[in-house]
Amino acid sequence: MTSGEGVTVWFTGLSGSGKTTISRELEQALLERKFKVELLDGDIIRTNLSKGLGFSKEDRDINIHRIGFVANLLSRNGVIAITAAISPYRNVRDRVRASIKNFVEIYVNAPLEVCESRDVKGMYAKARAGEIKGFTGIDDPYEPPLNAEVVCYTDRETVSESVAKSIAKLEELGYI
Ligand SMILES: Nc1ncnc2c1ncn2[C@@H]1O[C@H](COP(=O)(O)OP(=O)(O)O)[C@@H](O)[C@H]1O
Ligand SMILES: [Mg+2]
């Protein structure tokens, strides 16, 4: 049964793992079902809410706390807030989880080699060439979730399959 409450759906994963792609499809699927949905994509947040922040540990943490803060405001008011940022640090994700009543974590799991071969934004090539420092997965850590509600294996699942898994979990948990 649907709780009628909002929920924060928190995607995490390496750059190029598929967070933006899956979260957009999920957003569309939920809008079609007439839910109120807001997508907070890391790349877009960094051009406004977190404009000026860099990629040091401190700035990454501030960025994630801001996204978590807004997701909480939305989801406690009945909105499905979907976030799609790398969010590389486990303890920060877990702190955000602890601050939000309804929270579902989706680990977009693709091997680094796959993300790197996709190189959607050409960033891995730049990181390998030393033109970008502190790139997650290359010379900055990514700490995978240990207890994500959903894991999407995007090297062997289609986008539709990942979206279907996510929807099934939201249904199972009674959020939709
Ligand atoms: N099963 C899949 N799920 C998600 N993305 C996939 C999948 N297979 C291939 N891709 C591709 O991988 C890329 C993922 O990029 P993007 O969604 O921007 O990643 P992120 O937001 O995590 O950096 C896209 O080009 C997408 O088309
Ligand atoms: Mg993205």
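1. A residue is counted as near a molecule if one of its heavy atoms lies within 4 Å of that molecule. With that in mind, and remembering that this is a predicted model, one finds that 15 residues surround ligand 1, and that the closest are G16, K19, T20, T21 and E157.

2. It helps to ask what kinds of residue make up the shell around ligand 1. The residues of this shell divide into eight polar, four nonpolar and three charged, while the element that gives the most to the shell is helix α1, spanning residues 19-32, with four residues.

3. Some individual polar approaches to the ligand can be followed in the structure. An N or O atom in the side chain of T20 is 2.8 Å from an oxygen atom of ligand 1, and an N or O atom in the side chain of R118 is 3.3 Å from an oxygen atom of ligand 1. In the case of L14, it is a backbone N or O atom that lies 3.5 Å from an oxygen atom of the ligand. On its own, ligand 1 has 570 Å² of accessible area, and the protein covers 75% of that area.

4. Where does ligand 1 sit with respect to the pockets? The space that ligand 1 takes is the largest pocket, and this pocket has a volume of about 670 Å³. The largest pocket is lined by 36 residues, of which S15, K19, D43, I86 and K121 are the closest to its centre.

5. The elements that give two or more residues to this lining are α1, α2 (42-45), α3 (57-75) and α7 (159-172). Helix α1 gives the most to the lining, with four residues, just as α1 gives the most to the shell around ligand 1. Sorted by class, the lining of the largest pocket has 14 polar, 13 nonpolar and nine charged residues.

Note on methods:
Residues numbered from 1 in each chain as written. Chains lettered and ligands numbered in written order. Predicted model: local features only at pLDDT ≥ 70, side-chain atom pairs only at ≥ 80, totals over all residues. Heavy atoms only, no water. Polar contact = N/O pair within 3.5 Å; in protein donor to acceptor, adjacent residues only side chain to side chain. Areas by Shrake-Rupley, 256 points an atom, 1.4 Å probe, with all protein chains shown as cover. 1 Å grid on protein atoms, 1.4 Å probe; cavity = no way out; pocket = protein on both sides within 12 Å on 5 of 7 lines; lining within 4 Å. Sits in = over half its atoms within 2 Å of the grid points. Nonpolar A, V, L, I, M, F, W, Y, C, P; charged D, E, K, R; others polar. Points joined across faces, edges and corners; volume = space filled by probe spheres on them.
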